[in-house]
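I opened a new model today and kept notes as I went. Here they are, in the order I looked things up.

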Amino acid sequence: MGADLQRQKDDIDAWVARAVNRVFAVRGTFVALQMAVLARLTFVDLDWDIMEPVTYFIATGYATIVFAYGVWCSKESTHRAVEDLLLTRRQVRAYAKYRFNHAAYVQLQRRVEVLRAELRERHRAKDLNILRSAPH
């Protein structure tokens, strides 16, 4: 049961990671396209006198969105923080969608940790007994 849960969780987590990477790729593509459009409008079609207020409002809009995100989520708007937020939200949805029993998985993980601690303790006790029984 544990190996099946681990395999299912790994599959879901890999799918979620790819989905989050796609979100960032789309976001980066959007920014690149926006820069290309603004450059064309500034240097080919229109003039800087017309485009300066447009770029000002776009930059102000981005700053407002980032500020609102920070206030609303009480988190930094770094790449890592946003990625963690997206990963967590998508994982929760994916676990529900594929009926992954996350509580059972966490319970098995805790049990494994307890057993590993017991094994380490037994190995330590065995090593101490060997050292005590060794002739000096």
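The entries below cover a helix, a core, a surface patch and a loop residue.

**Setup.** I am working with a predicted model, where local features need pLDDT of at least 70, side-chain atom pairs count only at pLDDT 80 or more, and totals for chains, interfaces and linings use all residues. Residues are numbered from 1 along each chain as its sequence is written, and side-chain values use heavy atoms, with hydrogens and water left out.

**Helix H3.** I took helices as DSSP runs (H or I, at least four residues), numbered from the N terminus. H3 covers residues 79-97, 19 residues in all. I checked its length against the expected span, 1.5 Å times one less than the number of residues. That gives 27 Å, and the end C-alpha atoms are 26 Å apart, which agrees.

Next I listed what is buried in H3 (under 20% relative accessible area; exposed is over 50%, partly exposed in between, with a 1.4 Å probe and protein chains only). I found Ala81, Val82, Glu83, Leu85, Ala94 and Tyr95.

Glu83 caught my eye, so I looked up its value: it counts as buried because its relative accessibility is 13%. Leaving out residues up to four places away in sequence, Glu83 touches Val20, Asn21 and Phe24; contact here means heavy atoms within 4.5 Å.

**Core.** I then asked for the largest nonpolar core, and it has 14 residues. Such a core is a set of buried Ala, Val, Leu, Ile, Met, Phe, Trp, Tyr and Cys residues joined through side-chain atoms within 4.5 Å. Leu5, Ile12, Val16, Tyr69 and Phe100 have the most contacts inside this core. H1, H2, H3 and H4 (102-133) each give two or more residues to the core, and H1 gives the most, with five. I followed Val16 further: beyond four places in sequence, Val16 touches Leu87, Arg90, Gln91 and Ala94.

**Surface patch.** Which residues form a nonpolar patch on the surface? I got Phe30, Val31, Met35, Tyr62 and Ile65, with about 500 Å² of accessible area together. H1 (2-45) and H2 (48-73) each give two or more residues to the patch, and H1 gives the most, with three. Tyr62 sits in H2 and counts as partly exposed because its relative accessibility is 36%.

**Loop residue.** Last, I looked at Arg99, in the loop between H3 and H4. Its phi is near 55°, a positive value in a residue other than glycine. Arg99 is exposed, with a relative accessible area of 74%.

Note on methods: Patch = residues over 30% accessible without salt bridge, like charges linked within 9 Å, V, L, I, M, F, W, Y side chains within 5 Å. Areas by Shrake-Rupley, 256 points an atom, 1.4 Å probe, with all protein chains shown as cover. Salt bridge = Lys/Arg side-chain N within 4 Å of Asp/Glu carboxyl O.
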